[in-house]
Amino acid sequence: MVEWVLSGFGDEIDDDPRVQLAVLRALGASHVEVRSAWGVNVADFDADLTTRLATVLTDRGMAVSAVASPIGKTDVYGDADAELARLRAVVTLAQRLNSRYVRIFSFYRPPGVDVAATRDTVLRRLRAFADLAEREQVVLVHENEKDIYGDVPARVLDLIESVGSPALRVAWDNANFVQVGVRPFSDGYAMLRPHLEYLQVKDARFADGAVVPAGEGDGELLQTVTALREDGWTGYASLEPHLADPTDPARTGPAGFGRAARAFAALTARAGVTLC
């Protein structure tokens, strides 16, 4: 059996990181992906919050798989220096939390602007991000978010190959590909597998774009997981359920997170992968 490290977006469980870590631990995870804590996004953390979070992590024996930053989830023609400064602050946080990985995006475009027209600007900005990451010895993992430059496999590949940095890799998200009309495994796996560094776990349906637990949608999760296992890939698999809690629609909640975790555990077991 191949072993992958289980993690998850703790803020989908609760604002309080103590609750986040307790639920993740109960579900068998050894790591957390940090996007926010106490209602504060990682891009807005100060030194005091960083110390508080580091203490909670140490006290509960949990580690950080990645810092899920919002960097690059902004207008491609926005203030480049300001966004680079925000990335620098997030990288400092990642280093303080002993995380090698920082999630980023490749920018939205204004209404009516063709995606091809933004290419040079996107590449220039991501090259600056990669230069910073190389100096600071962290790895940026690009998520294929809907409506950014790198939302389909061909443009994700263009980003990675054109920037050409060991500090810029792929965070693979099956559900996000479905939401832009892509069959993830059939249309993108072979193309992006050499650059795939980090797995974000959720599924979605073509019919309505709704996010569902792993294996319950059209995201070809079983094929993807099986192929990764056969390829000998090992790394972090981070649950990002996006399942609305009836009592708090903005959050998945502990029960929904448990449902997502059990669905993924069943799927990985079928593929011959153990989560640890």
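This briefing describes the sheet, the helices and the empty spaces of one structure. The model is a predicted one. Its strands form an open sheet of 9 strands with parallel pairing, and a search of the whole structure finds 2 cavities of 30 Å³ or more, while the largest pocket has a volume of about 180 Å³.

**The sheet**

- Read across the open sheet, the strand order is β2-β5-β6-β7-β8-β9-β12-β1-β13, and the edges are formed by β2 and β13 (residues 273-275), each of which pairs on one side only.
- On average, and with direction ignored, neighbouring strands of this sheet are turned by 30 degrees against each other.
- The edge strand β2 runs parallel to β5 (residues 63-68), to which it is joined by 4 bridges, and E33 has A66 in β5 as its bridge partner.

**Helices on the sheet**

- Helix α4 lies across β6 (101-104), β7 and β8, and runs at about 145 degrees to β7.
- Helix α8 (residues 221-231) also packs on the sheet, where it touches β1 (2-8), β8, β9 (196-201) and β13, and its direction makes about 130 degrees with that of β1.

**Helix α5 and its surroundings**

- Helix α5 spans residues 153-163, and its buried residues are P153, V156, L157, D158, L159, I160 and V163.
- These buried residues pack against the helices α4 (119-136), α6 (174-178) and α7 (184-192), as well as against the strands β7 (139-143) and β8 (168-173).
- Just after α5 comes G164, which takes a positive phi of about 65 degrees.

**The largest pocket**

- The residues lining the largest pocket are D11, E12, D15, R35, S36, H242, L243, A244, P249, A250, R251 and T252.
- Sorted by class, this lining of the largest pocket holds 5 charged, 4 nonpolar and 3 polar residues.

**The two cavities**

- The largest cavity holds about 50 Å³ of space, and its lining is made up of V201, K202, V212, P213, A214, L239, E240, P241, L243 and A260.
- By class, 8 nonpolar and 2 charged residues line the largest cavity, with no polar residues.
- The second largest cavity, with about 40 Å³ of space, is lined by P17, Q20, L21, V32, V34, L53 and L57.
- The elements giving two or more residues to the lining of the second largest cavity are α1 (17-26), β2 (31-34) and α2 (47-59), and α1 gives the most, with 3 residues.
- In the second largest cavity the lining has 6 nonpolar residues and 1 polar residue, and no charged residues.

How values were computed: Residues are numbered from 1 along each chain as its sequence is written. This is a predicted model: local features need pLDDT of at least 70, side-chain atom pairs count only at pLDDT 80 or more; totals for chains, interfaces and linings use all residues. Side-chain values use heavy atoms; hydrogens and water are left out. On a 1 Å grid over the protein atoms alone, a cavity is a set of points where a 1.4 Å probe fits but cannot get out, and a pocket is an open set with protein on both sides within 12 Å along at least five of seven lines; lining residues have an atom within 4 Å of a point. Grid points are joined across faces, edges and corners, and a volume is the space filled by probe spheres set on the points. Ala, Val, Leu, Ile, Met, Phe, Trp, Tyr, Cys and Pro count as nonpolar, Asp, Glu, Lys and Arg as charged, and the others, Gly among them, as polar. Buried means under 20% relative accessible area, exposed over 50%, partly exposed in between (1.4 Å probe, protein chains only). Contact means heavy atoms within 4.5 Å. Two strands pair if DSSP finds at least two bridges between them. Axes are lines fitted to C-alpha atoms, for helices over the stretch in contact, and angles run from 0 to 180 degrees between N-to-C directions.
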